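Let's take a stroll through the strands of this protein and see who pairs with whom. Keep the 3D view open as you read.

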Amino acid sequence: VGDPRVYLCGTRRRASFASVLLTCCSVVATGANHCSAGASGWREREDGDYGEKRMELTGSNAIASSSCSPHPLPVVEYEVFLSFRGPDVRTTFADFLYRLLDRPKIRTFLDDEELRKGEMISLSLVKAIGESRIYIPILSPGYASSKWCLQELALMVERYKQDEGSHIILPVFYLMEPRDVRHCKGSYEEALEQHRLKYGEDTIRVWKDALEEVGQMTGWRVTESDRQGAVAESVFSEVWSHIKGNYTLLTNELIGIDSHVNHVMELLKSDFEGGINVVGIHGMGGIGKTTIAKAVYNKVFTQFKHHCFLEDVRETLSLKNDGVTTLQSKIISSILRDDHMVRDASQGIHIITNRVCPRKVLIVLDNVDDRFEFGQILGEVRKFSPESRFIITTRDKRVLELLQVSKLYEPSGMSHDHSLQLLRRHAFRMDNPLEDKATLCEEFVKVAGGLPLALEVIGSLLFRRDRKFWEAKLIELKRIPPTKVQERLKISYDELSGSEKQIFLDISCVFIGENKELPFYMWSDCNFNPESGISTLILRSLLKVDVDNKFWMHDHVRDIGRMIVREEDEQHPWKRTRIWSNEDAVDMLINGEGADLVEVLKVDMRYEDFELMEKEFQNLSKLRYLECTLEG
């Protein structure tokens with residue numbers, strides 16, 4: 001609960017069914033995070049009994065159940081596997097640690113051996129251990145008395161050794177000396193002797209080897225006199241540093257970036273007499289500002305206990321009603337490692353001033369435009385700790401001047417050699433080109449003008465194409481002025497199939513930042529072949545899927561999609577196939593004009609002074625996706 005959005009995903013449903021769904025939106029919004037009715041899921045009854053279908057959707061079981069989707073979504077991988085013996089630590093240390101891990105939504109498998117039956121650990125437990133990156137065995141005095149705990153520990157050690165670097169073991173020695181675990185002394189020796197009466201010597205040897213391995217590792221000791229909450233906080237901080245380190249850089253295309261990163265690092269290190277150190281990176285879109293900022297962030301975030309990377313601030317601030325509070329909530333949640341939903345801007349500034357400013361923080365504000373005002377979002381910059389650091393990226397140097405940022409860096413275009421290397425990597429999936437296309441590569445490098453995004457997209461377009469295609473695209477690109485970056489990138493869109501274009505436009509308008517499973521079934525039912533379509537978009541460098549399985553697009557690429565949709569009707573937004581602007585959506589729903597053209601609709605009703613009724617949806621005959629945000 002807390003995300004008051006309702007999704008209706010499907011093929012071109014009749015508007016009467018959509019209106020019945022919306023009639024009960026307030027119930028759904030307060031009963032579940034999202035209710036995604038997939039295309040193969042909720043169907044109209046042939047007898048038109050919408051009321052009965054409505055009761056099926058809004059009944060308490062339907063809302064609370066995970067069966068809202070027509071097929072089960074893939075199980076989310078766990079990040080942390082917590083293993084312990086229940087009677088020893090269930091209500092003490094294990095509980096403290098689990099609550100700390102749960103606050104920032106770290107996906108933690110909480111295992112309690114007392115809840116299990118039988119002799120062997122289940123396949124679901126084996127799967128959870130295999131999926132988890134971080135293992136935390138809490139080695140208490142009674143841990144070795146549990147055969148399940150020992151089986152889990154042996155499997156953790158096996159995975160740790162098999163996939164070197166893929167898994168981490170962080171042991172906690174709870175009222176135990178590491179040497180007693182390592183050498184199986186005291187209660188562990190007694191427990192293993194008891195197990196030897198029932199299990200073979202080979203099994204005992206595997207368990208002893210696992211205990212010896214973990215007993216040699218660096219971990220945390222918890223004694224009778226320790227404050228268990230403080231130790232749990234220390235374990236959590238270590239886990240958090242590993243988790244956050246996984247979620248920064250979204251691209252591996254770091255050719256020629258070292259000099260840029262080193263320059264920004266020097267600016268961050270140098271003292272600033274005026275107070276807080278703020279570094280601004282400015283330059284044209286596609287030059288690599290975000291990639292540089294992420295690379296710097298990756299290098300230095302471990303020096304800050306509290307850090308936050310805010311992507312595409314410009315897009316967030318474009319939200320009509322809650323752009324500022326959305327940014328504030330993200331900053332506060334990341335820094336304080338807890339979920340915070342800010343009600344209004346003044347409350348956000350109050351929390352930031354009192355709870356964020358005193359800490360040593362690293363905050364990156366990516367893709368800022370002239371709508372960003374530091375004071376209205378973060379409060380007074382002078383109140384932040386002198387040890388804090390800020391990085392701001394923008395296309396417009398004047399934005400940094402208005403913010404009085406004195407440390408500026410403008411990345412230059414890629415050198416000829418680096419440009420050639422990047423183009424080859426995408427056009428051939430190797431650094432050395434085929435001889436018959438070497439000269440053409442040189443020509444494409446000149447056309448791209450050292451712009452990394454253009455080199456990546458153009459190279460991906462040329463992959464596995466014949467010489468004739470290369471020559472045709474080179475002629476086409478040369479006709480486009482160098483300043484028309486989006487037009488140059490659009491040639492890749494033009495080569496997509498019809499269904500691939502539909503998926504691309506849907507993502508660029510509505511689904512950036514959303515889990516890719518959300519629209520998947522809708523696209524399948526529309527025969528868009530999403531598995532193939534998404535793969536093609538990724539192969540063409542028009543789309544990325546991040547580690548959380550969410551869609552990501554470069555803002556230049558996103559703007560191409562939105563430009564194409566706007567061009568469907570420049571003067572009348574409600575006559576377009578996709579509406580994502582709240583002002584346009586509300587206007588269309590009130591006036592009803594052009595509703596029969598809309599396929600994808602996103603609307604936020606939290607700040608509107610009218611209620612959605614059946615009549616607003618009567619003409620939405622082509623609607624295949626509806627996202628409605630309500631009070632909740």
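What follows is a walk through an open sheet first, and then through a strand with its two partners.

Bear in mind that this is a predicted model.

Start with the open sheet. Five strands make it up, and reading across you get the order E10-E11-E12-E9-E13, with parallel pairing. So who sits at the edges? Those places go to E10 (306-310) and E13 (407-409). Each of these two has a single partner strand, so one side of each is left without a neighbour in the sheet. As you step from one strand to the next, the twist averages 10°.

Now zoom in on the E10 edge. Here E10 runs parallel to strand E11 (residues 361-365), and five bridges link the pair. If you'd like a spot to look at, find histidine 307: its bridge partner in E11 is leucine 362.

Next, move to strand E3, residues 80-83. Which way do its side chains go, and are they buried or exposed? Val80 and Leu82 point one way, Phe81 and Ser83 point the other way, and all of them are buried. In other words, residues on both faces of E3 have under 20% relative accessible area.

E3 also has company. It pairs in the parallel sense with strand E4 (residues 108-110) over three bridges, and valine 80 stands opposite threonine 108 there. With strand E5 (residues 134-139), E3 makes another parallel pairing, this one over four bridges. To find your way around that pairing, look for serine 83, which stands opposite proline 137 in E5.

Key. Residues are numbered from 1 along each chain as its sequence is written. This is a predicted model: local features need pLDDT of at least 70, side-chain atom pairs count only at pLDDT 80 or more; totals for chains, interfaces and linings use all residues. Side-chain values use heavy atoms; hydrogens and water are left out. Two strands pair if DSSP finds at least two bridges between them. Axes are lines fitted to C-alpha atoms, for helices over the stretch in contact, and angles run from 0 to 180 degrees between N-to-C directions. Buried means under 20% relative accessible area, exposed over 50%, partly exposed in between (1.4 Å probe, protein chains only).
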